[in-house]
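Here is a short report on one structure. Charge pairing comes at the start, then overall form and surface.

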Amino acid sequence: LQNEFDTKKEADAAAAAALTADLEKLKADFDNKSKELAETQTQGADTQADLQSKLNTKEEELKTLQNDFDTKKEADAAAAAALTADLEKVKGELESKSKELSESQAQGADTQADLQSKLNTKEEELKNLQNEFNTKKEADAAAAAALTAKEADAAAAAALTADLEKLKADFDNKSKELAETQ
């Protein structure tokens with residue numbers, strides 16, 4: 001029994017030593033975690049202050065944007081009202097112009113018939129002038145051909161006269177030379 005008790009006591013002592021070592025390690029871990037937590041909380045306080053400041057800034061910006069949006073919405077509503085009024089005015093003018101155009105088209109139908117009649121007359125006159133022009137052109141061509149023939153005859157006559165004058169001069173020279181020789 002004494003031996004069993006001693007063996008158990010040693011085992012208990014070893015277990016207690018191991019447990020003490022574990023406790024020391026746990027205590028060290030706890031101290032480290034506590035230190036980290038304290039630092040994190042200090043940083044977190046700064047971070048929270050920064051976040052609050054940023055949040056306040058963003059809320060201010062949002063408020064400004066909301067005001068700008070409301071102002072723009074009112075301006076847009078006013079512009080839309082003005083645009084609607086303009087559109088109504090343009091619509092009225094368009095209807096008036098359409099009415100005028102319909103009346104003009106009715107008058108235009110009569111005017112178009114008159115213009116078509118005048119155009120037909122002018123085309124007939126143009127056709128007659130073209131025929132006269134063609135007839136005159138043929139006559140002018142015939143006259144030009146006759147004139148060309150006449151000019152050619154005159155040129156031939158002039159050349160013949162020149163030849164005769166030369167022959168007469170040669171004859172006179174030869175006659176003179178013969179008289180001197182005799």
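Eight salt bridges turn up when the whole structure is searched. The model is a predicted one. Three of the pairs are set out here, each with its N to O distance.

| Pair | N to O distance | Position in helix α1 |
|---|---|---|
| D12 and K8 | 3.3 Å | four residues apart |
| K58 and E61 | 3.7 Å | three residues apart |
| D76 and K72 | 3.1 Å | four residues apart |

Take D12 and K8. Their side chains meet in a salt bridge. What separates the two along the helix? About one helical turn, because D12 and K8 are four residues apart in helix α1. D12 is partly exposed, at 43% relative accessible area. K8 reaches 53% and counts as exposed.

K58 and E61 pair through their side chains at 3.7 Å, N to O. Both residues sit in helix α1, and their spacing of three residues is about one turn of the helix. K58 is exposed, with 53% relative accessibility. E61 is partly exposed, with 40%.

D76 and K72 form a salt bridge at 3.1 Å, N to O. They lie four residues apart in helix α1, again about one turn. Is D76 buried, exposed or partly exposed? D76 is partly exposed, with a relative accessible area of 39%. K72 has 51% and is exposed, because the cut-off for that class is over 50%. In general, side chains of opposite charge can pair when their charged atoms come close.

**Overall form**

How many helices and strands does the protein have? The secondary structure comes to one helix and zero strands. Helix α1 covers residues 2-181. The C-alpha trace spans about 200 × 80 × 40 Å along its principal axes. The radius of gyration is 65 Å. A compact globule of 182 residues would have a value near 16 Å.

One pair of positions gives a sense of scale along the chain. K122 and A157 are 35 residues apart in sequence. Their C-alpha atoms are separated by 51 Å. K122 belongs to helix α1. K122 is also exposed, with 54% relative accessible area.

**Surface and charge**

What share of the 182 residues is buried? Buried residues make up 0% of them. The protein exposes about 16400 Å². Carbon and sulfur atoms supply 60% of that area.

Part of the surface is a nonpolar patch formed by L19, L23 and L26. Together these residues have about 310 Å² of accessible area. L23 is found in helix α1.

The charge count comes to 25 positive and 41 negative. How far apart are the mean positions of the two sets? They are 4 Å apart.

**Recap**

The protein has one helix and zero strands, and 0% of its residues are buried. Its radius of gyration is 65 Å, against a value near 16 Å for a compact globule of 182 residues. The search finds eight salt bridges, including D12 with K8, K58 with E61 and D76 with K72. L19, L23 and L26 add a nonpolar patch on the surface.

Terms used. Residues numbered from 1 in each chain as written. Predicted model: local features only at pLDDT ≥ 70, side-chain atom pairs only at ≥ 80, totals over all residues. Heavy atoms only, no water. Patch = residues over 30% accessible without salt bridge, like charges linked within 9 Å, V, L, I, M, F, W, Y side chains within 5 Å. Areas by Shrake-Rupley, 256 points an atom, 1.4 Å probe, with all protein chains shown as cover. Buried < 20%, exposed > 50% of the residue type's maximum accessible area, 1.4 Å probe, protein only. Rg over C-alpha atoms; globule rule 2.2 N^0.38 Å. Lys, Arg positive; Asp, Glu negative; His and termini not counted. Charge placed at Lys NZ, Arg CZ, Asp CG, Glu CD.
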